[in-house]
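Please open the structure in your viewer and keep the selection tool at hand. The tour below goes from one stop to the next, saying at each stop what to select and what is there.

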Amino acid sequence: MLQGIAFYLLAATAVVSGLLVVTARNPVHSVLWLILAFFSSAGLFVLLGAEFLAMLLVVVYVGAVAVLFLFVVMMLDVDFIRLRQGFTRYLPLAAIVAGVLLAEMVMVSIAVVQNGAAAEAVLGAPRPDLTNVEAIGRVLYTDYVYFFQAAGIVLLIAMIGAITLTLRHKSHIKRQNIADQINRPAAKAMEVKTVQSGQGVSPEELL
């Protein structure tokens, strides 16, 4: 009974906070609601017995991603009033996309409830001496290793795309060219100065 109450409480909190992430006018408030949604999801993972996933959700998403979002939103001087201009112009298209996603979620939920899509799925209970980390690792790197590698490639492509879009070469900044340094001749790499004994070299000659 206590687990059921905790489940419905955490699930309701996650759903409400997820809606407030989208509907909040202040972006800082949206990030705070997102953090609450992450905490609620972590509580649901704990109820399912997946303590490792709950810890990852709190440490990685709450401790790094959400805090990074919060810092970026607070540091950037973004005119959100200007960004919201023209919102009603895209409202019909957004409503169509939202309706399609809602229909897909309803279809999947009905299939799961009626044991349609998940009827043939066999859940193998892990051994009592098997930890969450070892169980996830065995499944992830055996049955789903190709999907795991594909996800890594997608993230790598996204990182390269973000660097390419944000990288700006400025003409007044000197950059190192390794190929020119390696292929330069000895005449450019070294210059011999004839120095008289006891006179030294002036700063103008060094330049």
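## Stop one: S17 and its contacts

Select S17 and then look for its contacts: once its neighbours within four places in sequence are left aside, S17 is in contact with W33, L36 and A37. Keep in mind throughout the tour that what you have on the screen is a predicted model. S17 itself has its place in helix 1, which covers residues 2-23. Is S17 buried or exposed? Its relative accessibility is 1%, and because buried means under 20%, S17 counts as buried.

## Stop two: the whole chain

Now zoom out and colour the protein chain by secondary structure, which comes to 10 helices and 0 strands. Read from the N terminus on, the elements therefore appear as α-α-α-α-α-α-α-α-α-α. The protein chain has 207 residues, and buried residues make up 10% of them. If you switch on the surface, you are looking at about 17700 Å² exposed by the protein chain, with carbon and sulfur atoms supplying 69% of that area. Among the contacts between residues at least 6 apart in sequence, 50% join residues that are at least 24 apart.

## Stop three: helix 2 against helix 3

Select residues 27-47, which form helix 2, together with residues 51-75, which form helix 3, and turn the view until you can see how they pack: the angle is about 180°, and the axes are 9 Å apart. That is why helix 2 is described as roughly antiparallel to helix 3. To see where the two helices meet, show side chains on both; the residues on the helix 2 side include P27, V28, V31 and F45, while those on the helix 3 side include L53, Y61, F69 and M74. What kinds of residues make up this contact of helix 2 with helix 3? They divide into 21 nonpolar, 1 polar and no charged.

Next, select L34, I35, F38, A42, A54, L57, V62 and A66, which together make up the largest nonpolar core, with 8 residues in all. Helix 2 and helix 3 each supply at least two residues of this core. For a closer look, centre the view on A42, which touches A54, L57 and V58 when residues up to four places away in sequence are not counted.

## Stop four: helix 3 against helix 6

Keep helix 3 selected and add helix 6, residues 132-140; the axes of these two helices come within 8 Å and cross at roughly 90°. That crossing is why helix 3 counts as roughly perpendicular to helix 6. At this contact, E51, F52 and L53 in helix 3 meet N132, V133 and I136 in helix 6, and the residues involved divide into 4 nonpolar, 1 polar and 1 charged.

## Stop five: I136

Finish by selecting I136, whose place is in helix 6. With residues up to four places away in sequence not counted, I136 touches F52 and L53. How far apart are I136 and L53 in sequence and in space? They are 83 residues apart in sequence and 9.3 Å apart in space, from C-alpha to C-alpha. At 29% relative accessibility, I136 counts as partly exposed.

Technical notes
Residues numbered from 1 in each chain as written. Predicted model: local features only at pLDDT ≥ 70, side-chain atom pairs only at ≥ 80, totals over all residues. Heavy atoms only, no water. Helix = DSSP H or I, 4+ residues; strand = E, 2+ residues; numbered from the N terminus. Buried < 20%, exposed > 50% of the residue type's maximum accessible area, 1.4 Å probe, protein only. Contact = heavy atoms within 4.5 Å. Axes fitted to C-alpha atoms, helices over the stretch in contact; angles between N-to-C directions. Parallel < 35°, antiparallel > 145°, perpendicular 65-115°, else oblique. Nonpolar A, V, L, I, M, F, W, Y, C, P; charged D, E, K, R; others polar. Core = buried A, V, L, I, M, F, W, Y, C linked by side-chain atoms within 4.5 Å. Areas by Shrake-Rupley, 256 points an atom, 1.4 Å probe, with all protein chains shown as cover.
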